[in-house]
Amino acid sequence: MLIPSVYNYHDPQDFLRDMHDYKRNTNPHFSVRSWARQMGLKGHTSLVFFLKGERQIRAQHCEFLFRGIKLDDNQKDYLSSLVHLKNASSTMETNYYESKLKVLHPAKNFSYIDLDKFRVIADWSFMAILEMTGLKDFNPNPIWIAARLNNLVSPEKVTNVLNRLLGMGLLKIENGIYIKTNERLTTPKDRPSESIREHHKQVLSNAIAAIDVQDVSERSYDSCTMTIDKSRLNDAKELIQKFRSEMAKLMEKEKGDETYQLSVQFFKLTSNIELRDKQCSIN
C-alpha cells in the first residue's frame, strides 16, 4: 500500500482517513489510541471524531497532525492551507488559500474538482468540449462542435454538455464568448471512484480508435516494459505528474488549433504468485 501524498487531496479529513488506513495496514501494532498519544492529544476521542467527520479540523489542530504524520515543511504548509481553505468564511479568504495551494503544489497551476462534481462530467466529451472553447476558431454551435469531434457525440448531447458546464460554473459566457473558469481541473489521486475508472476507460477507448484513423504525423504512441522497485512507485507518480504539467505548459495555447488528449498509463503486468495460488486454493 502506497503512503498517501498530501498533494493529492483537497479535503484534509480525507487525507487523515487515508493516512489512518495506511498506518493500520502497514503496522500491525498501530492503534488510534497510540496515534493520538503520538500527536500529543490528551485522549483519542477527538481523533476518532476527525476520522468520522463528526468534527472539523481547524487551524489549531494542525500542530497535532504534524506530530503524527511525517511531512516536510512544504507539505506541512500545504496541509495547513487545506485546513484554512476548508474553514474559509469569505470569498477573499478562499481565493487567498486557493492561490497559495497552487504555488505550493508540485504541479503549480491547477484547481481541484471534487468527486461529486466529477461524477456528473465523467464522460470524456465534457472535458473535450470544455477544452475546445480555447480553439481560435471555436464555434458554440452544437453541430459545429459535434463535427469537430468527428461526430462521436450528437449535437443534442453537445447542447446538454454545454448547459451542464455552464450550470456547474466550469464555463461562462462573456460578450457571447464561451470561457473556461478554471485553467486546469484535477481529481484527488489514488482515490477509488467508479466515475474516474469509467473516464479512463473511455479515454483509452478513444486512444485505440485513433491508432487506425489518425496519421502518425498527428499522434504519438510510445510504451516500454520495465521491472521495477515497488518502493519507488510514489517517485514514479510524482514524475508522471511533473511531466504532465510541463507538457501542458509547453503545448497549451490560449487560442489553439486542435484539442488533444494526453494519457499516460503505468500498470502491473505481473501478479503476486503466492497470493494468486492462495486465491486458487480457496476457489
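In this predicted model, I173 stands opposite Y178 of strand β3. That pair belongs to a hairpin. Strand β2 covers residues 171-174 and strand β3 covers residues 177-180. The two run antiparallel and are joined by 4 bridges. Between the strands of this hairpin sit 2 residues. N175 takes a positive phi there, near 55 degrees.

**Two cores**

The largest nonpolar core has 28 residues. Touching the most other members are F15, L16, W35 and L47. Six elements, listed by name, give two or more residues to this core: α1, α2, α3, α4, α5 and α6. A second core is separate and holds 19 residues. Among its members are W124, A146, V158 and L170.

**Contacts of three residues**

The table sets out contacts for W35, V32 and Q13, leaving aside neighbours up to four places away in sequence.

| Residue | Residues in contact |
|---|---|
| W35 | L16, M19, H20, K23, F30, L47, G68 and I69 |
| V32 | H20, H44, L47, V48 and L51 |
| Q13 | F50, G53, R55, Q56 and I57 |

W35 is one of the residues that touch the most other members of the largest core. Its contacts include L16 and L47, which are named in that group too. V32 lies in helix α2, which spans residues 32-39. V32 also contacts L47. What separates V32 from H20 in sequence and in space? They are 12 residues apart along the chain, and their C-alpha atoms are 8.1 Å apart. H20 is in contact with V32 and with W35.

**Q13**

Q13 is placed in helix α1, residues 12-26. Is Q13 buried or exposed? Q13 counts as buried because its relative accessibility is 8%, and the limit for buried is under 20%. A polar atom of the Q13 side chain lies 2.8 Å from the backbone oxygen of R55. R55 is also among the contacts of Q13, as are G53 and Q56.

**Helices α8 and α10**

Helix α8 spans residues 124-132 and helix α10 spans residues 155-167. They pack at about 75 degrees, with axes 10 Å apart. The range for roughly perpendicular is 65 to 115 degrees, so α8 and α10 are roughly perpendicular to each other. From α8, the contact uses S125, F126, I129 and L130. From α10, it uses K157, V158, V161, L162, R164 and L165. V158 takes part in this contact and is included in the second core.

Key
Residues are numbered from 1 along each chain as its sequence is written. This is a predicted model: local features need pLDDT of at least 70, side-chain atom pairs count only at pLDDT 80 or more; totals for chains, interfaces and linings use all residues. Side-chain values use heavy atoms; hydrogens and water are left out. Buried means under 20% relative accessible area, exposed over 50%, partly exposed in between (1.4 Å probe, protein chains only). A polar contact is a pair of N or O atoms within 3.5 Å; within protein, one must be able to donate a hydrogen and the other to accept it, and residues adjacent in sequence count only if both atoms are side-chain atoms. Contact means heavy atoms within 4.5 Å. Two strands pair if DSSP finds at least two bridges between them. A nonpolar core is a set of buried Ala, Val, Leu, Ile, Met, Phe, Trp, Tyr and Cys residues joined through side-chain atoms within 4.5 Å. Axes are lines fitted to C-alpha atoms, for helices over the stretch in contact, and angles run from 0 to 180 degrees between N-to-C directions. Angles under 35 degrees count as roughly parallel, over 145 as roughly antiparallel, 65 to 115 as roughly perpendicular and the rest as oblique.
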